[in-house]
Amino acid sequence: MFAALGAAVLGLASMRPAEAHTPPRQADAWELYLTGGWLIPTGAQRAGIKGADLTALVVSYVPRPSFAVTGTFQWARSHALAIAGEPKLDIFTWDVGAETRGTPRSLGGAWTVAPFAGIGGGARTYNIPELPADPTWNLAAYGSAGGEFAIRRVHLRLEVRDYVSRFKPLTGGGKAATRNDVAVILGLRFVKKTA
């Protein structure tokens with residue numbers, strides 16, 4: 001899957017640049033994305049948590065068009081598969097990362113795409129509201145790839161993040177382990193009208 005994603009990003013990067021009459025992309029100081037997506041457990045994580053819909057808030061500071069600092073808050077609504085009754089499980093993730101962004105490329109007509117890749121880290125909590133157990137806190141890191149598709153003022157961001165995190169047992173004792181999951185995030189933003 002990740003080889004295919006890498007090939008897709010390279011393919012986007014090899015497309016022809018947007019038409020010469022298009023003015024160079026200017027960096028916005030801040031970008032705000034309203035997003036949704038999916039959390040997909042992989043490996044050993046599939047035995048502990050169920051795949052889930054997620055809601056995220058993504059905020060980027062863009063000091064120049066080729067670089068951004070991105071902060072993300074995610075809430076995934078899952079179920080704890082390893083606990084009797086499979087109770088609801090809230091998964092909250094906070095992280096900050098750095099992104100390198102490519103030059104927008106034409107997709108034909110008014111459509112363009114700008115590929116990007118990033119890395120980052122932060123924290124994740126698992127909370128079972130139905131049980132008296134305290135939430136567990138864990139460190140998490142990610143690598144990401146994606147693209148921002150644009151037509152005029154409407155921009156759609158597609159991002160795939162591969163997370164590696166510590167995972168402490170949700171109830172009782174036991175050792176923490178390293179786990180892996182993938183987040184697929186779709187974001188929408190509207191840019192300012194240019195003069």
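1. A strand here is a DSSP run of E with at least two residues, and strands are numbered from the N terminus. With that in hand, a friendly starting point is Ala-52, which belongs to strand β2, residues 52–64. Please keep in mind throughout that this is a predicted model.

2. Is Ala-52 buried or exposed? Its relative accessibility is 6%, and because buried means under 20%, Ala-52 counts as buried. Its surroundings come from other parts of the sequence: beyond the neighbours within four places, Ala-52 is in contact with Gly-37, Trp-38, Leu-39, Ala-76, Arg-77 and Ser-78. Leu-39 deserves a second look, since a C-alpha to C-alpha distance of 5.2 Å separates it from Ala-52, while the two are 13 residues apart in sequence.

3. Now for the overall layout. The protein chain holds 1 helix and 9 strands. Reading from the N terminus, the order is α-β-β-β-β-β-β-β-β-β. Of the contacts with a separation of 6 or more, 61% link residues 24 or more positions apart.

4. Burial and surface can be put side by side. The chain has 195 residues, and 38% of them are buried. About 10400 Å² is exposed by the protein chain, with carbon and sulfur atoms supplying 66% of that area.

5. Which residues have the most contacts inside the largest nonpolar core? They are Leu-39, Ile-49, Leu-54, Leu-89, Ile-91, Tyr-126 and Leu-170, in a core of 19 residues. Two or more residues each come from β2, β4 (88–101), β7, β8 and β9 (177–190). Strand β2, where Ala-52 lies, gives the largest share, 3 residues.

6. Tyr-126 is worth selecting in your viewer. Setting aside residues up to four places away in sequence, Tyr-126 touches, among others, the core residues Ile-49, Leu-89, Ile-91 and Leu-170. Its list of partners also includes Gln-45, Asp-90, Pro-135, Thr-136, Asn-138, Ser-165 and Phe-167.

7. The strand pairing from β6 to β8 is easy to follow. Strand β6 (residues 111–127) runs antiparallel to β7 (residues 136–151), and 16 bridges connect the two. One example is Ala-123, whose bridge partner in β7 is Leu-139. On to the next pair: β7 and β8 (residues 154–167) are also antiparallel, joined by 12 bridges, and Gly-146 stands opposite Glu-159 in β8.

8. A last detail concerns the turn. What lies between β7 and β8? The two strands form a hairpin with 2 residues between them, and Arg-152 in that turn has a positive phi of about 55°.

How values were computed
Residues are numbered from 1 along each chain as its sequence is written. This is a predicted model: local features need pLDDT of at least 70, side-chain atom pairs count only at pLDDT 80 or more; totals for chains, interfaces and linings use all residues. Side-chain values use heavy atoms; hydrogens and water are left out. Two strands pair if DSSP finds at least two bridges between them. Helices (H or I, at least four residues) and strands (E, at least two) are DSSP runs, numbered from the N terminus. Buried means under 20% relative accessible area, exposed over 50%, partly exposed in between (1.4 Å probe, protein chains only). Contact means heavy atoms within 4.5 Å. A nonpolar core is a set of buried Ala, Val, Leu, Ile, Met, Phe, Trp, Tyr and Cys residues joined through side-chain atoms within 4.5 Å. Accessible areas come from the Shrake-Rupley method with a 1.4 Å probe; for residues, only the protein chains shown count as cover.
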